[in-house]
Amino acid sequence: MDRTFQVDLRGVVDLLSHHLYGSPRVYVRELLQNAVDAITARRATHPGAPAVVRIEPPELTGDGTLRVHDTGIGLTESQVHELLATIGRSSKRDELGFARHEFLGQFGIGLLSCFLVADEVRVRTRHADEPTVLWTGYADGRYRVEPAAVDAQRAEPGTTVTLVPRRDAEQWLTRPTVTELARLFGSLLPVRVLVGDVETTTGPPPWSAPAGTSPSARRDNLVRFARDGLGFTPFDVVPLSVPEAGLTGAAFVLPSAVNPAARAGHRVYLKRMLLTEGAEGLLPDWAFFARCVVDSTELRPTASREALYEDSLLEATREALGDQLRSWLVRLAGGAPRRLAEFLQVHHLGVKALALHDDEMLRLVERWWPMETNTGQTTLAEFRERHGLIRYAASIDEFRQLAGVAAAQDLAVVNAGYTYDTEIIERLPTVDRSVLVERLEPNDLTTRFDALDPAAELALRPFVVAAQRALDRLGVEVVLRSYAPASLPALYLVSRSAAFEEQLRSTRERADETWAGVLDALAASGPAERPQLVLNHRNPLVRRVSALGDPALVGLAVEALYGQALLLGYHPIRPADAALLNSSFLGLLGRAVPGQE
């Protein structure tokens, strides 16, 4: 025969406290939720009925219990059995009218949260002209339902919930804690909530100002709300509205930079009851520069009512809110460019991240975000207008190595080594075919260097051979050219293919036999291209070194120039390079200080 499951209520409470709810404090929210639902149900048929929830902590009751009174619709005895003595049965809740759209409760387990802080829960309730009913539940799973005593009859419809605290949970029921939690969860509720004689509700949300309120007054209210409730004065306030989600609220643009990788937490209310102060996923990832406070009637909470349920409506809401923040940026660019510049100084990473897939934001970045170049800071639009071609260095080190010499050859270069800059530059031609972009290569510089006349080159051939002999063991090719600036004696250039060859060689030395064979095959696929040390014949020191008749001294000098070129170009120093720097320095020092030991 069929049997029913036996439920250990203590086990259920332990499950709720450790795996569903984040903290016992949610019992206040659940009690407020039930009270507001009851008041909403009563006012549906009696619009003039009072809407008050009064909480009496143990300091006021005098018997160590906490009591919550509401002026709601109350329950009949049959409803008490159906609603308070079952777990997880939603059909009866629907039949009795307590799961309609306008109600907060959806899961019917709210009263169980009281057992997180109480060993005994009493519910004294009266519905319309029915007699008052007393339901008493215990943490071990027992309950009883009985008519209330004569002196415990309620004169008006409504419900009183009494909690007898657990010995280890008294601190959750104290007056300061209950006042703080009632204000946290219920400050925006459309009913009066009092803890003793202290009202914790503040009225409607600040973003739903009465008709006729000026935009400046509305903004001042929201700024004050952010300062008092969120702890910062926002850079700007963006009104939010998503009708299909029944969502209204505001996005507060942060006044200082934040870590883009950090997950932003937003304050979310559902039908004006606080759901969570740290909702994730409400905004797109790129909008990490804003914190939202919103109220929704349609978004679904998770079972714990401490986060938003990820569904198609939340996804559509996230997209709509992202569009509204994006539109704010466009309006800022069109009407307040100086203000936009201030914003970009703080939150450029978010805008640049959006520009990677949004054409409007890409144009905004091109027009307004100043980038570092070897001719000074300028926007990409200004750079393109001045130079025609956007030539860029893809890393900061590459820019440092080549920017000065490129400027001397009248080559303007953008430093695209910062986050997203290379991707943004390379994406520009996809939205505007007139844009020309080109990555800077060392070969771009060498083609602009002047070759020596044939007679001078022939005369300096022995010097170049000696210099090459000194650097052969490092795999570096020595080239003699004439270029600006004359103060620079040597330039170390590594093309992308040469850098790849070097990385391949380094990896080959550390790889096992199997992978070494694979790397050898890759290396053998084409001729190896070597880094170049380009000596500057315009430099007086290089000309003096080239005139030396001692091959050994020429080798030491060229090794020293190679080391200086590495350091000035911010190139990595390999162990072989460090050893060469040391030996050339000591060798030159030994030549400069003659004598015997």
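What follows is a chat between a student and a tutor about a predicted model of one protein chain.

Student: Let's start broad. How many helices and strands are there in the chain?

Tutor: There are 21 helices and 21 strands. The chain has 597 residues, and buried residues make up 46% of them.

Student: Okay, zoom in on Thr317. Why is Thr317 called buried?

Tutor: Buried means under 20% relative accessible area. Thr317 has a value of 0%, so it counts as buried. Thr317 sits in helix H8, residues 312-335.

Student: What does Thr317 touch, not counting residues up to four places away in sequence?

Tutor: Val242, Ala245, Leu247 and Leu299. There's also something close by in sequence: a polar atom of the Thr317 side chain lies 2.8 Å from the backbone oxygen of Leu313.

Student: What makes that pair a polar contact?

Tutor: The cut-off is 3.5 Å between N or O atoms, with one able to donate a hydrogen and the other to accept it. At 2.8 Å, the Thr317 side chain and the Leu313 oxygen are within that distance.

Student: Now Trp172. Why is Trp172 called partly exposed?

Tutor: Partly exposed runs between the 20% limit for buried and the 50% limit for exposed. Trp172 comes out at 23%, so it belongs in that middle class. You'll find Trp172 in the loop between strand E6 (158-165) and helix H6 (175-186).

Student: How do you know that Trp172 meets residues from elsewhere in the chain?

Tutor: Contact means heavy atoms within 4.5 Å. Leaving aside neighbours within four places in sequence, Trp172 has contacts that include Ser23, Pro24, Tyr27 and Val117. Val117 is 55 residues away along the chain, yet its C-alpha atom is 7.1 Å from that of Trp172.

Student: On to charges. What makes Arg142 and Asp140 a salt bridge?

Tutor: The rule asks for a side-chain nitrogen of Lys or Arg within 4 Å of a carboxyl oxygen of Asp or Glu. For Arg142 and Asp140, the closest N and O atoms are 2.8 Å apart, which means the pair qualifies. By this rule the count comes to 28 salt bridges.

Student: Does Arg175 with Asp197 pass too, and at what distance?

Tutor: Their N to O distance is 3.5 Å, so this pair is also within the 4 Å limit. This salt bridge links distant parts of the chain: Arg175 is in helix H6, while Asp197 is 22 residues away in the loop between strands E7 and E8.

Student: Why do Arg175 and Asp197 get their accessibility labels?

Tutor: Arg175 has 27%, so it is partly exposed. Asp197 has 63%, and since exposed means over 50%, that residue is exposed.

Student: And Arg318, which meets Glu310 in a salt bridge: why is Arg318 called buried?

Tutor: Its 18% is under the 20% cut-off, so Arg318 counts as buried. Glu310 is at 49%, under the 50% limit, so that partner is partly exposed.

Student: How do you know that strand E16 pairs with strand E18?

Tutor: Pairing takes at least two bridges. E16 and E18 are joined by 4 bridges and run parallel, with Arg391 partnered by Glu438. E16 also has 2 bridges to strand E17, again parallel.

Student: Last one. What makes Phe585 fit in a nonpolar surface patch?

Tutor: Patch members need over 30% relative accessible area. Phe585 has 53%, so it clears that bar. Phe585, Leu586, Leu589 and Val593 form the patch, with about 400 Å² of accessible area together.

Note on methods
Residues numbered from 1 in each chain as written. Predicted model: local features only at pLDDT ≥ 70, side-chain atom pairs only at ≥ 80, totals over all residues. Heavy atoms only, no water. Patch = residues over 30% accessible without salt bridge, like charges linked within 9 Å, V, L, I, M, F, W, Y side chains within 5 Å. Areas by Shrake-Rupley, 256 points an atom, 1.4 Å probe, with all protein chains shown as cover. Buried < 20%, exposed > 50% of the residue type's maximum accessible area, 1.4 Å probe, protein only.
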